[in-house]
Amino acid sequence: MKKNKQRPPRQQVTKAALTGVALTMGMASHSVWAQDADAQAVPTIVIEGIKTHEQIGFKADKTRVGKTDQALKDIPQAVTVVTEQLIKDKNADTLKEALRNVAGITFNAGEGGRIGDNINMRGYSAVGDLYLDNIRDYAQYNRETFNLEQIDVLKGASSMLFGRGSTGGVINQVSKIAKPVDSTEINLTGGSNNYKRGTVDFNKAITDNVALRINAMSTDADSFRDGVKSRRWGFAPTLTIGSGTENEVTLSYYYLKENNIPDFGVPYVRGADGVSRPVDVPIERFYGMSNANYENNKTGIATVSYTHLFSNDSSIKTTLRDARYHRDLNAVAPRLIGNWTSATINDKTPVNRQRQARGAKEHQTTWQTDFNTKFETGSVKHELLAGVELMRETSNRWSNTNTAVANPATTIGSDNTNPTLPSRYYTNWTRTAPNSYKATSYGLYVQDTVEFIPKWKVLAGLRYDHLKADYTRSTGGDLHMNVGALSGRAGLLYQPNDNSTYYLSYSTGFNSTAEAYQLDDRLANTDPEKTRNMEIGAKWNLFNNKLAVRTSLSRSEKTNERNTDLADPDVYLLSGKRHTDAWELEVTGRITDKWDVFFNYAYMRAKIDKAAGTAANTQGMTPRNTPKSSASLWTTYKLPYGFKVGAGIEYVGKRYANDTESVLVGGYTRVDALVEYNVNKWLGVKLNVKNLLNRKYYEGVYQGNVTPGTPRAFELSLTAKF
């Protein structure tokens, strides 16, 4: 195994030595360039050895969610980090599965025909708040974990760091990087419902300063739902040139392809109390058409980044990304036909296979430069961040239409997922209602963290964003929008010692009317919504920095939510208001050298404070998909002779599927388990059991349909390292 004689990658350096020179370059779509690998190494660097995911365990010490390598204790907001070891322990093969570990997050089910990751955080939609290495990753697809090192979840409004969106927080996926070591890990997994998965993680130190890493994945699985399938494969090569020197260039590409039969779950039926709940049918019953439905997605993301180190305390990093997304969908959203109730419904009750068929091609090019430096003015210490982000986004969307043949209806009791269809069903599809979206945006931001007296720090940041968008429609004429917005962030931290932090913070955000790549006549005439987050919290490192504990109280508010104006249908009223009060508790790390734990709990009280127009009947109600309580626990213990056992609990309280509290989805508790045996340091086998107690529950929530969670399932994995 080769070792870097100069220093390991920056996230493994105890004393950050990030430096830089502004990168000026042009890149055609998915083109890359390289920097001289023989740059002189930076002197006087304090080195800490490269840690494996086993050594890191469940407790992360640093994150880049603040645009720079930063200790979690120095961020005056709630942050949850899902580490690579936690992902591997639980066999969490998708972003959704990994986020089960984060309290306060819930999942939506095919909202409006939407596909891919559809997430709520602190009672607010987070579909526009997904990031990959701090760059917006908005497109609709099912994100994988095979190339992720960790997942950072920053709670609360964060537009000062990330721009538009960020009402309930942001979810930042952190990609694996090439390291100056030689290592290979191969994992093969088989399990219930014909689950088959293979991953390869290959890392090669070509020289002391040049490293190559290739991650690849193939997954093929049926489902506990009759006729539902998932097929996907991906690869992600990364080349780092100049690792551990003044000038470092990283070239990476990420490709993911999916071919699925999508599942929009089951419909609701109204009970005797007037509240609708999921139809009580066998969990395997699927109302889609496995011989006609499909979900095909392709994602390609090329990235080049350049970091220059001026000194141990000053750096500049420039990243250029070109991302392309393609999706094509033909799905079924089941709906009851007629005014049925739980008392009158029977196996012959008709179900409409509502067609959800659409597609899109999207292209996003992003330029982002961040400058970080530390300096002193007299006895006052500063940590300065300044940056610029330029982005161009295009989207072409359409509906898939077959006017010759409608979807055949089915019944509540039917298990026929392959209805007989005429040949015209497969041949008469056309693209209709094409719409295109083009936008250019820029963001300028600056933030300073000042230690004005020992143990006390104050943080202040400001960002300006400008968005210009043009929307071309097939009917109704074209639309244009030109908006700008300021966002701020402020915090006060008291750190009496290296292991304790107490903080207050205030941050703002905004949601532009084009945040979802779509406009209408009203949206084009409406200013951005505004949000704010107020938080007080504490963070402690215990047991010689092996265990981290944090707690926080927060209020997230949307102060001018869009409502439809009944008197003027051409504009939205910015008259709505809602809030979520939250208390969170989190414990991560090692209680002993053999006992690891990852626990978090969120209690949320959410309310729509003010509503008008067509939404007036939601005033005073609980926002959709916002349970009062949610929690996640995962703990493992190392036994003698290479054995390890683990168990976990996921709890989500009851939540409403709409904003009028008339559609209810019950809460659930799911128990998972793990038994692992490491033959030696090169070979291991493990058994994961999901939903050990085989409880029936529902997890993906939408006002028209709901998707059930997995029953008991087994997964057996073999891991080889060399």
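**Exercise 1. Find how many cavities of 30 Å³ or more the structure holds, then describe the largest cavity.**

Start with the count: this predicted model holds 7 cavities of 30 Å³ or more. Next comes volume, and the largest cavity has about 1,300 Å³. Now look at its walls: 48 residues line the largest cavity, and Thr94, Lys96, Glu97, Ser230 and Glu699 are the closest to its centre.

Then sort the lining by class. You get 14 nonpolar, 17 polar and 17 charged residues. Last, trace the lining back to secondary structure. Elements that each supply at least two residues include helix 3 (95-98), strand 14 (230-241) and strand 37 (698-701). The largest share, 3 residues, comes from strand 39.

**Exercise 2. Work out which residues and strands surround the second largest cavity.**

Volume goes at the top again: the second largest cavity has about 150 Å³ of space. Its lining is made of 18 residues, and Gly163, Arg164, Ser441, Arg463 and Asp465 lie nearest the centre.

Which strands should you click on? Strand 21 (380-401), strand 23 (430-453), strand 24 (456-472) and strand 25 (479-497) each give at least two residues to this lining. Strand 24 has the largest share, with 4 residues. By class, the lining splits into 8 nonpolar, 5 polar and 5 charged residues.

**Exercise 3. Decide whether Thr319 is buried or exposed, and list what it touches.**

Begin by locating Thr319: you'll find it in strand 19, which covers residues 314-336. Now check the relative accessible area, which is 9% for Thr319. The cut-off for buried is under 20%, so Thr319 counts as buried at 9%.

For the contacts, skip residues up to four places away in sequence. That leaves Ile135, Thr303, Val304, Ser305, Thr366, Trp367 and Gln368 touching Thr319.

**Exercise 4. Map the largest nonpolar core and look around Ile119.**

The largest nonpolar core has 22 residues, and among those with the most contacts inside it are Val82, Leu99, Ile105, Ile119 and Ile171. Helix 2 (84-89), helix 3, strand 4, strand 5 (119-121) and strand 9 (148-155) each give two or more residues to this core. Strand 9 gives the most, 3 residues.

Now zoom in on Ile119. Leaving out neighbours within four places in sequence, its contacts include Leu99, Ile105, Phe107, Val127, Leu130 and Ile171. To finish, find the second, separate core: it has 15 residues, including Val269, Val279, Val351 and Val701.

Methods. Residues numbered from 1 in each chain as written. Predicted model: local features only at pLDDT ≥ 70, side-chain atom pairs only at ≥ 80, totals over all residues. Heavy atoms only, no water. 1 Å grid on protein atoms, 1.4 Å probe; cavity = no way out; pocket = protein on both sides within 12 Å on 5 of 7 lines; lining within 4 Å. Points joined across faces, edges and corners; volume = space filled by probe spheres on them. Nonpolar A, V, L, I, M, F, W, Y, C, P; charged D, E, K, R; others polar. Buried < 20%, exposed > 50% of the residue type's maximum accessible area, 1.4 Å probe, protein only. Contact = heavy atoms within 4.5 Å. Core = buried A, V, L, I, M, F, W, Y, C linked by side-chain atoms within 4.5 Å.
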